[in-house]
Structures are given as C-alpha cells and as structure tokens.
Amino acid sequence: MSNYNFAYLDEQTKRMIRRAILKGLAIPGYQVPFASREMPMPYGWGTGGVQVTAATLTPEDTLKVIDQGADDTTNAVSIRKFFEKTAGVATSEETAQASVIQTRHRIPEEDLREDQILVYQVPIPEPLRFLEPSEVETRKMHSLEEYGLMHVKLYEDIAKHGAIATSYAYPVKVEGRYVMDPSPIPKFDNPKMEMAGIQLFGAGREQRIYAVPPYCKVVSLDFDDYPFEASKADHACDMCGATDSYLDEVIMDDAGGRLFVCSDTDYCAGRRRAGHVGAQGVALAEDAA
Amino acid sequence: MDAEVLKGGFADAPVDAAHAFRAAMTAMARPGTVHTLHGAQPPAPLSVAAGTLILTLCDPDTPLHLAGDWDRKEVRAWIAFHVGAPLVTAEAAMFALGDWDALAPLTRFAIGTPEYPDRSATLIVEGATPERAVLRGPGIKDTVEMGLPEIAAFQLNATLFPLGLDFFFTSGAQVAALPRTTKVSVPSGATSVEAA
C-alpha cells in the first residue's frame, strides 16, 4: 500500500466534496460552491476534475482519463499516474473497461453505460461569465432564471456570422431550469449529454461542482429558425474511415497536406483493430510491422 | 465512560466511506433504486445504513438534527465520538435523522434560498415506506416504482424546485433516495391515498 490516504485527499475534504456532489445531483445544472483544495498540479490541469474523481473512486474502480479524446497526452497520462499512485486503482484506455472516466473537453464516442461515471474538468463553470463579470449578478440571474443575455449573445452570432458561431462550450439548459456550461466540449458532443451514465463537473480554480443525473433533459439553446446543429468536420477519419466521430485536423507538411483523424483515440484504435482503414491509413498489421 | 460508544465506526475509513458514498451517490442519481450500505454498527435505533450515511457525510461542519426516538443519549454519544457533528434544532440542520413521524412537520427544515438552493437540508428517513409511488424525473429512464412513507409531502416538495429537501430512506443495510427533482404520483389502479 502507498503512503497516501486512499485517493490522496483527506477524509474531511472528501466528505465536503461528496456533499457538494449530492446537492449537485439533486439540483441538476446548478453550480454548488465547494472549498476547492490545492492539488499537486497547476490550475488548468484538471484540479476540479481530480478532486471530484478522488471523492468518487473506490478501490475496485477502473479509471480512464482522456484529454481532448486522447489517452496518451501529458495531462491524461499524468492524472492516470496520479491515481495509480495515490489510490492504487486499475487504469484502462478502453472506454468500455472503465467505470470512472475523467475527461478534458470530450465525451467518448462510445455510448456510456449505466454503471459508468463521467467526470469533466471545467475551466470556467459559469456560462454567463463572459457576458456578466460579476458573480453577484450572475448568481441573481440564475436565481431569477434570467437568461435573455445568453440568447442575445447567440443572436449576435447570427447577426454577425449568419449562423450560431459558438462551436464549443455551447450553453445548454438542464431539466428546463438552469443554463449550464458543458465545459469546452465541441458542440458535436452536446446531444450525448442525455446519457445513461452519471455526469459530474469539477472546476477547481473557480470552486464549483455541478452534475447531470442519467436520462436528464439537456437542451442546447437555439432559435426556431436557427436550430442547434451538432457539427463536425465534413470528412471521414483518414485512419479508420469513421464518418460518425468528431475529427481533429492535423497538418502533415509545409505543402498544406492534412489529415483528419478521430479525436477519440480509443474509438479510432478499436475500429482499426476491427479492420477498418481510412483514406490515408494503412492496415493495422502492416502498421505494427 | 461507556466503551460501547467507541465501537461501531468504520474499520477502514477511507475505503468504507468510498464504498458508502458511491452507493449513496448512485441512489441519489437514480431515484427508486435500492443500494446496500454497510460499515457502521451504530447504536439502536439507528439502522446500519443510516449510521453509515452519517459517518460518510457528516462531520463537525454539518449541523445534525436528531428527531424523536433517535435523539437519545447513546446516539448523541456515538455521534459525538465518531462524527463530531453539532446537534441542532430542525431549523438549523443540514442533515436530519429520524423516522417519518418524528421528522414532521417538514416545513421546519431549510429548503435553500433562490440564490443558494444547495443550502437545504438532507433528511435521512428511517423505517417503513408503505405507500407505493410512481417516480418520474432526472435519473429515471421512464418511470420507476418505489415505496415512500406518504405521497403528498413529496409532491409538495417537488413543486418547490429548485428549492426543496432531499431524502434518503434507510432500513437495515439498504438505502434509496429521492431528490427534489423527482415527480411523485400514485400508481394507476391504486385505491385512494390519504391527503396530507
């Protein structure tokens, strides 16, 4: 056993976070203030998500951590190692194997099951913050359900660009009451938020926790004549050929060569293992040789 | 000093609390589902599930109200030693523990404020839940049936949303939960239900 208390945090801190999670689940979309702790990583690296994960984990859990869909980036690797060391939990890169998934800015392509928990890292939890800098005011706006300003912002998008240009952190209304920031996930992921799993959101620097219970109504804000559209690059994955996944565009050379590839690395790898090959991909056996 | 008071805590606090919280959280996220809570051996009349919930969620930061028969010397001493929660009146409580009759009237408890709806009491209701009810709302795919102590109080509580109370129901080692978002109705075909 390690020299850490299970999952790093002390028990009183975990109780405080756990109480906030319960109130968050009872009031979907409402941001519950909590006494966020200093974590051994900088703000912006997922300190909120890490605290929520630490309060949620049990020793039997299998943890998956993704950063923009990828399991192998610095942020994901270091958080996974953090919990291997401090909680001794098993980790996996496979979505289906994981019971707790901590994510930065993506929802896995594969549908989550009822026994899975998705923990989001949130930088700015307040959807109205860039429209109204005062916390006193935004809190009042939420209490009065005064969300006109958000619609004005989306309307201005249409007036300027001819369409709603907001492409990530696209605001949603949860269970017909609170407007919520879904964290900077692409709006392609918004429809997936009505899922079977439990969704928890942690914002460490801003000291807020919020939650969306399973099968909760999550509606992306829009207008009758400009309905919400879950957009993605109009392309298939060049590695695995998937047409239904969110894509990253990768510049390959100075001549403008480019590659579209699934942002969800596990989804892409799974498809390639199953024999799917994209336009610029090579069959997996050759690739490995 | 009575040594009995010192017994009945978690054997391995971080792990027992983690298991208990996961069960409590799943119960709150999926109203109507029943989960097992164990780890605590609290003095009577507390159930194992209620004792485990108290150990998992309460500490010196959480004013606790003991209602009716649950407000007795052994319970106070056990909570003082294992939890350290200040024991308060219903009006000041963040958590309350007792059976359904002792917790009434519910209007005494904090339901939060429009700006801070989370500053509301969580009630741990011990004992029987005889009235069958149909639940709808967040966490429930279509509908689910669950036993409740009565129906009307929970219908009223749901109308307060986003304010309101949240409930855990404990019996033996089992727990279920009902957040304020859940819409409660009488099963179709059921006979009359007493009005509150």
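A walk through two chains

Let's start with a small sheet in chain A: it is open, its 3 strands come in the order β7-β6-β10, and they pair in the antiparallel sense. Its edges are β7 (178–180) and β10 (218–220) of chain A, and since each has a single partner strand, one side of each is left without a neighbour in the sheet. On average, neighbouring strands here are turned by 35 degrees against each other, if you ignore direction. Keep in mind as you look around that this is a predicted model.

Zoom in on one pair from that sheet. Strand β6 (residues 172–174) of chain A is joined to β7(A) by 3 bridges, and the two run antiparallel. If you want a spot to click on, try Val172(A), whose bridge partner in β7(A) is Met180(A).

Now step back and take in chain A by its domains. The domain assignment splits chain A into domain 1 (11–220) and domain 2 (232–284). Measure from one C-alpha centre to the other and you get 27 Å between domain 1 and domain 2 of chain A. How many residues of domain 1 of chain A are in contact with domain 2 of chain A? There are 15 on the domain 1 side, and they touch 9 residues of domain 2.

Next, some helices of chain A. Two packed helices are described by the angle between their axes and the distance between the axes. Helix α2 (residues 47–56) and helix α3 (residues 74–86), both of chain A, pack at about 30 degrees, and their axes are 12 Å apart. Angles under 35 degrees count as roughly parallel, so α2(A) and α3(A) are roughly parallel to each other. Their crossing is right-handed. Which residues meet there? From α2(A) come Val50(A), Thr53(A) and Ala54(A), and from α3(A) come Ile79(A), Phe82(A) and Phe83(A). Sorted by character, the residues of this contact of α2(A) with α3(A) are 5 nonpolar, 1 polar and no charged.

Another helix pair takes us across to chain B. Helix α1 (residues 11–26) of chain A packs against helix α2 (residues 48–57) of chain B at an angle of about 110 degrees, with 8 Å between their axes. That angle makes α1(A) roughly perpendicular to α2(B). On the α1(A) side you'll find Arg15(A), Arg18(A), Arg19(A) and Leu22(A), which meet Leu55(B), Thr56(B) and Leu57(B) in α2(B). The residues of the contact of α1(A) with α2(B) divide into 3 nonpolar, 1 polar and 3 charged.

Once in chain B, look for an open sheet of 6 strands with mixed pairing, in the order β1-β8-β7-β4-β3-β2. What stands at the edges of this sheet? There you meet β1 (35–36) and β2 (64–66) of chain B, each with a single partner strand, so one side of each has no neighbour in the sheet. Further in, strand β4 (residues 122–126) and strand β7 (residues 166–171) of chain B run parallel, joined by 5 bridges. Glu126(B) is a handy marker here, standing opposite Thr170(B) in β7(B).

Our last stop is strand β5 of chain B. This strand (residues 131–136) pairs with strand β6 (residues 144–148) of chain B over 5 bridges, in the antiparallel sense. Glu131(B) stands opposite Leu148(B) in β6(B). β5(B) is also joined to strand β9 (residues 183–185) of chain B, by 3 bridges and again antiparallel. In that pairing, Leu135(B) has Val184(B) in β9(B) as its bridge partner.

Notes: Residues numbered from 1 in each chain as written. Chains lettered and ligands numbered in written order. Predicted model: local features only at pLDDT ≥ 70, side-chain atom pairs only at ≥ 80, totals over all residues. Heavy atoms only, no water. Pairing = 2+ DSSP bridges. Helix = DSSP H or I, 4+ residues; strand = E, 2+ residues; numbered from the N terminus. Axes fitted to C-alpha atoms, helices over the stretch in contact; angles between N-to-C directions. Parallel < 35°, antiparallel > 145°, perpendicular 65-115°, else oblique. Left-handed = near helix turned anticlockwise from the far one by under 90°. Contact = heavy atoms within 4.5 Å. Nonpolar A, V, L, I, M, F, W, Y, C, P; charged D, E, K, R; others polar. Domains from an automatic or database assignment.
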